[in-house]
Amino acid sequence: MISNQSKVMITGASDGLGKALTLAIASKYSCSLAICGRNEAKLKETVRAVHTVNPCVKVFAACFDVTDDECCYAFIRNAQEALGDIDILINNAGANIKKDLVENIDLNDLRYMLNLNCVSPLIFIQGVLPHMKEVGDGHIINILSSVCKHSIENSGAYSASKHAMDILHQILLKEVRESHIKVTGIYPGGINTNFRTNVREDYMHPKTVANAILAVLECEDDAVVHELVLRPFVENNF
């Protein structure tokens, strides 16, 4: 479970759920945080906000696009050199860059979302897993989506990329069980973040979801939350 000694890596921490989760952890624990995001100004604001709520938190931050494999490898390597081996990974970076009918899916959009929502999380998992297996401890949280639980028209490319990550997640859960590594899938529905074109006040606040994930991290070592589905009360497309 999370503690002041934990070394936590969070992707997509410059805004939205990633930022809310970073601040939720920093407000309760003086642990070490390795965070990344694409927007340098927003990422610096996240770092400032962390040190405002808890000056004792050590932060390693890097700005890059997680679809760049080499940047991901460098971030993992540099973060572990700066903070030590990661014992909690939260794969949060992801997006739905375009909605369209299956017959109209742009193959470049599909490839990008597969890289963003499936390949890059796998890179981070592979980067931190050797240490976790060596010590027989660790927690990997994959932020998936409620689209993994049902099908929605006009979201074929995004859903395909999230389903691809979901099956890797489900298999990983079984493969690392004997190494006493916790693996949790978070399946949120609509969240009101800046990534949305239109504000949705009736959707979940990022802090609401972040607090639920923090509760998962605080689960005692004799139990593990394998799946957590959260939806805004108004959502009924399932």
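**Salt bridges, fold and backbone of the model**

Arg-200 has a relative accessibility of 30% and counts as partly exposed. The model in which this residue is described is a predicted one. Arg-200 takes part in a salt bridge with Asp-202, and the closest N and O atoms of the two are 2.9 Å apart. The partner, Asp-202, is also partly exposed, at 35% relative accessibility. For both residues this class follows because partly exposed covers relative accessible areas between 20% and 50%.

The search of the whole structure gives 7 salt bridges, including the one between Asp-202 and Arg-200. Another joins the side chains of Lys-44 and Glu-40, with an N to O distance of 3.6 Å. Both of these residues belong to helix H2, which covers residues 40-53. Lys-44 and Glu-40 are 4 residues apart, and this spacing is about one turn of the helix. Lys-44 is partly exposed, with a relative accessible area of 46%, and for Glu-40 the value is 46% as well, which again counts as partly exposed.

A further salt bridge is formed by the side chains of Asp-221 and Lys-182, at 3.9 Å from N to O. This pair links distant parts of the chain, as the two residues are 39 residues apart. Asp-221 is placed in the loop between helix H6 (206-217) and strand E7 (227-230), whereas Lys-182 is in strand E6 (residues 182-188). The two ends of the bridge fall into separate accessibility classes: Asp-221 is exposed, with a relative accessible area of 56%, and Lys-182 is buried, with 12%. The value for Lys-182 is under 20%, and therefore the residue is classed as buried.

The fold as a whole was examined next. The protein contains 6 helices and 7 strands. Along the sequence these elements follow the pattern β-α-β-α-β-α-β-α-β-α-β-α-β. The C-alpha trace spans about 50 × 40 × 35 Å along its principal axes. The radius of gyration is 17 Å, and this agrees with the value near 18 Å for a compact globule of 238 residues. Of the 238 residues, 48% are buried. Contacts between residues at least 6 apart in sequence were also considered, and 73% of them join residues at least 24 apart.

The accessible surface of the protein amounts to about 11600 Å², and carbon and sulfur atoms account for 50% of this area. The protein carries 22 positive and 28 negative side chains. The centres of these two sets lie 4 Å apart.

Two residues other than glycine show a positive phi. For Asn-154 the angle is about 70 degrees. Asn-154 is found in the loop between strand E5 (139-143) and helix H5 (156-175), and its relative accessibility of 36% makes it partly exposed. For His-180 phi is about 60 degrees. His-180 is located in the loop between H5 and E6. At 59% relative accessibility, His-180 counts as exposed, because the limit for this class is over 50%.

One further residue was placed in the fold. Asn-78 lies in helix H3, which covers residues 69-83. Asn-78 is partly exposed, with a relative accessible area of 31%. From Asn-78 to Lys-133 the separation is 55 residues in sequence and 20 Å in space, taken from C-alpha to C-alpha.

Definitions and conventions
Residues numbered from 1 in each chain as written. Predicted model: local features only at pLDDT ≥ 70, side-chain atom pairs only at ≥ 80, totals over all residues. Heavy atoms only, no water. Rg over C-alpha atoms; globule rule 2.2 N^0.38 Å. Buried < 20%, exposed > 50% of the residue type's maximum accessible area, 1.4 Å probe, protein only. Contact = heavy atoms within 4.5 Å. Areas by Shrake-Rupley, 256 points an atom, 1.4 Å probe, with all protein chains shown as cover. Lys, Arg positive; Asp, Glu negative; His and termini not counted. Charge placed at Lys NZ, Arg CZ, Asp CG, Glu CD. Salt bridge = Lys/Arg side-chain N within 4 Å of Asp/Glu carboxyl O.
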